[in-house]
Amino acid sequence: MKLSPLQLARYQYNPKLPGMLRNGISEICVSNGKATQSVADQEKIQALFPNTYGKNEITFQKGQNTSEAKKQIVGVILSGGQAPGGHNVICGLYDALKATNPENVLYGFKGGPSGLINDDYLIFDDAYINQYRNTGGFDIIGSGRTKLESEEQFAIVADVCKSHGITAIVIIGGDDSNTNAGVLAEYFAAHNTGVQVIGCPKTIDGDLKNEDIECSFGFDTATKTYSEMIGNIERDANSAKKYWHFIKVMGRSASHVALECALETQPNICLIGEEVAAKKMSLAQIADYIADSVASRAAKGWNFGVAIIPEGIVEFVPEFSVLIAEINELLAGEKTAQFNALPSWKEKYAFIENGLTKESMAVFAILPENIQQQLFLERDPHGNVQVSLIESEKLFSALVKDNLAARKAAGSYKGKFSAQHHFLGYEGRCAFPSNFDADYCYSLGYNAFMLIQYGYNGYLSKVSNLHKPAEEWVAGGMPITKMMNIERRNGEDKPVIRKALVELDGKPFKFFEANRELWAVETCYTYPGAIQYFGPTEVCDLTTRTLALEKA
Ligand code: FBP
């Protein structure tokens with residue numbers, strides 16, 4: 001394989017550990033914190049997790065290492081969507097494991113959780129792991145979206161662990177995967193398997209965060225990558241002065257990515273799904289809001305602009321959620337085949353018109369035809385519409401176009417409107433991790449091994465104080481049960497880690513809210529440029545604006 005000069009240079013980068021982990025393995029001891037409680041539904045969570053509930057939070061500090069000297073055989077999996085820095089979690093884990101005892105072994109289970117069930121693995125060595133240091137991607141062992149959640153699966157995993165003598169599993173994943181890590185830890189404890197489980201917080205979406213997890217890894221690099229591109233598009237828009245760019249960014253269930261990109265690039269418009277839901281905005285109201293900016297700018301002679309749209313936006317629009325629910329109902333069971341058998345779109349349209357309520361039909365009718373058809377194309381394994389496949393950037397530009405046409409007819413708008421569409425998602429998930437993510441991820445992995453070495457089970461590797469230089473970061477562990485509450489999932493009450501949505505009274509949103517009116521009519525673009533890996537720390541080690549504002 002031909003290596004790029006950057007890849008070669010990144011091999012030489014030494015990720016920065018928190019100060020307290022820098023003195024060598026023999027100098028890391030535990031400081032016990034308070035016993036914990038789950039964030040809500042304490043009695044129910046305690047009853048479901050009798051063996052792992054209520055444990056102490058812990059931090060590491062400099063001091064004599066008192067952990068038991070035993071050989072560790074550890075397995076690791078990557079779970080869910082790629083996020084920059086995953087390789088470094090594994091490198092940090094490997095380095096701590098080997099520094100503790102060169103006889104320790106690290107298994108990598110391939111292709112995500114299914115690798116653990118199918119016992120499909122590799123064993124890491126220096127030569128293999130060194131190829132992946134400070135690189136993006138999850139190709140070191142691959143990832144997957146199989147969920148590890150049933151007792152049958154846990155029993156298989158227990159057998160796989162037993163057959164290799166595995167003493168601990170590290171699960172690198174998002175809120176669902178870490179919820180499942182907590183459930184697996186409880187199962188292992190209840191069945192006296194002697195196997196520990198440690199989670200690590202991953203997702204570019206940024207929605208795995210709470211009072212303990214300041215940010216999930218990958219969010220920093222992904223948003224910097226998108227912001228570079230959005231800044232470049234803004235500069236193109238401001239140069240050519242002839243297009244409105246509608247840019248959809250990833251973030252299925254929360255709008256953190258969109259908000260962070262907006263804080264970085266100051267576009268004319270950025271929709272925040274959580275606000276749309278709170279204000280119960282309709283599609284027409286959103287289109288009107290964007291059209292106001294288009295018209296105000298046109299009045300100044302500026303027929304160009306940039307709008308950021310979060311991937312999950314349509315699910316936040318109440319009337320659209322109702323429409324989706326009705327469509328799911330309309331196509332339930334046998335009815336999908338019936339619908340698909342209809343020979344033309346005209347007949348399908350009549351079927352839809354017949355099945356939807358008047359209100360939902362009114363929403364459906366204003367959608368452009370390609371979006372209408374998208375709603376009936378791909379279904380997920382449960383037979384539901386896959387909302388993330390809807391091209392919402394095209395949806396909103398079409399609605400804005402119609403809105404502007406009406407304004408033109410009424411004589412209130414005289415501009416030109418020509419739109420370009422972009423979707424920024426996969427471009428950011430496997431970028432070379434920023435220095436922040438390279439350091440954070442390496443620390444998470446290193447720290448995960450220290451948790452294993454000290455015998456913890458059902459803990460999340462936690463590194464905090466992240467707005468400060470790495471020297472001042474705080475490393476430790478948090479019982480996963482502390483982050484849980486009970487939620488209704490697929491008709492059942494389940495213990496889960498709560499997904500973090502954008503807080504409308506949080507500092508990042510408040511900053512955006514205070515500035516967006518100006519950004520909507522003026523041209524205030526900022527151009528973050530490409531991630532810098534080498535150079536002055538104020539350029540290379542910057543965290544996200546979200547983190548900076550939250551900690552300000
Ligand atoms: P995770 O929640 O697993 O980290 O993945 C998030 C994400 O990157 C979303 O932003 C996006 O909608 C989704 O993955 C795409 O998934 P896939 O890779 O399966 O197409």
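**Ligand shell and a helix pair**

Student: In this predicted model, which side chain has an N or O atom 2.8 Å from an oxygen atom of the ligand?
Tutor: Start with the residues that come nearest: among the 13 around the ligand, these are Gly81, Thr203, Asp205, Tyr426 and Arg429. A polar contact needs N or O atoms within 3.5 Å. The side chain that puts an N or O atom 2.8 Å from a ligand oxygen belongs to Arg429.

Student: And how much of the ligand's own accessible area does the protein cover?
Tutor: Taken on its own, the ligand has 480 Å² of accessible area. The share covered by the protein is 81%.

Student: Which residue offers a polar backbone atom to an oxygen of the ligand?
Tutor: Arg145 uses a polar side-chain atom, 2.9 Å from a ligand oxygen, so to speak for the backbone we look elsewhere. There, the distance to a ligand oxygen is 3.4 Å, and the residue is Gly251.

Student: How many residues of the shell are charged?
Tutor: Set aside three nonpolar and four polar residues. The charged ones number six.

Student: Are H11 and H21 parallel or oblique to each other?
Tutor: The axes of H11 (residues 283-299) and H21 (residues 507-521) come within 7 Å and cross at roughly 50°. Angles under 35 degrees would count as roughly parallel. The helices are therefore oblique.

Student: Which residues of H21 make that contact?
Tutor: H11 brings Tyr289, Ser293, Ser296 and Arg297. From H21 come Arg516, Ala520 and Val521.

Notes:
Residues are numbered from 1 along each chain as its sequence is written. This is a predicted model: local features need pLDDT of at least 70, side-chain atom pairs count only at pLDDT 80 or more; totals for chains, interfaces and linings use all residues. Side-chain values use heavy atoms; hydrogens and water are left out. A residue is near a molecule or strand if one of its heavy atoms lies within 4 Å of it. A polar contact is a pair of N or O atoms within 3.5 Å; within protein, one must be able to donate a hydrogen and the other to accept it, and residues adjacent in sequence count only if both atoms are side-chain atoms. Accessible areas come from the Shrake-Rupley method with a 1.4 Å probe; for residues, only the protein chains shown count as cover. Ala, Val, Leu, Ile, Met, Phe, Trp, Tyr, Cys and Pro count as nonpolar, Asp, Glu, Lys and Arg as charged, and the others, Gly among them, as polar. Axes are lines fitted to C-alpha atoms, for helices over the stretch in contact, and angles run from 0 to 180 degrees between N-to-C directions. Helices (H or I, at least four residues) and strands (E, at least two) are DSSP runs, numbered from the N terminus. Angles under 35 degrees count as roughly parallel, over 145 as roughly antiparallel, 65 to 115 as roughly perpendicular and the rest as oblique. Contact means heavy atoms within 4.5 Å.
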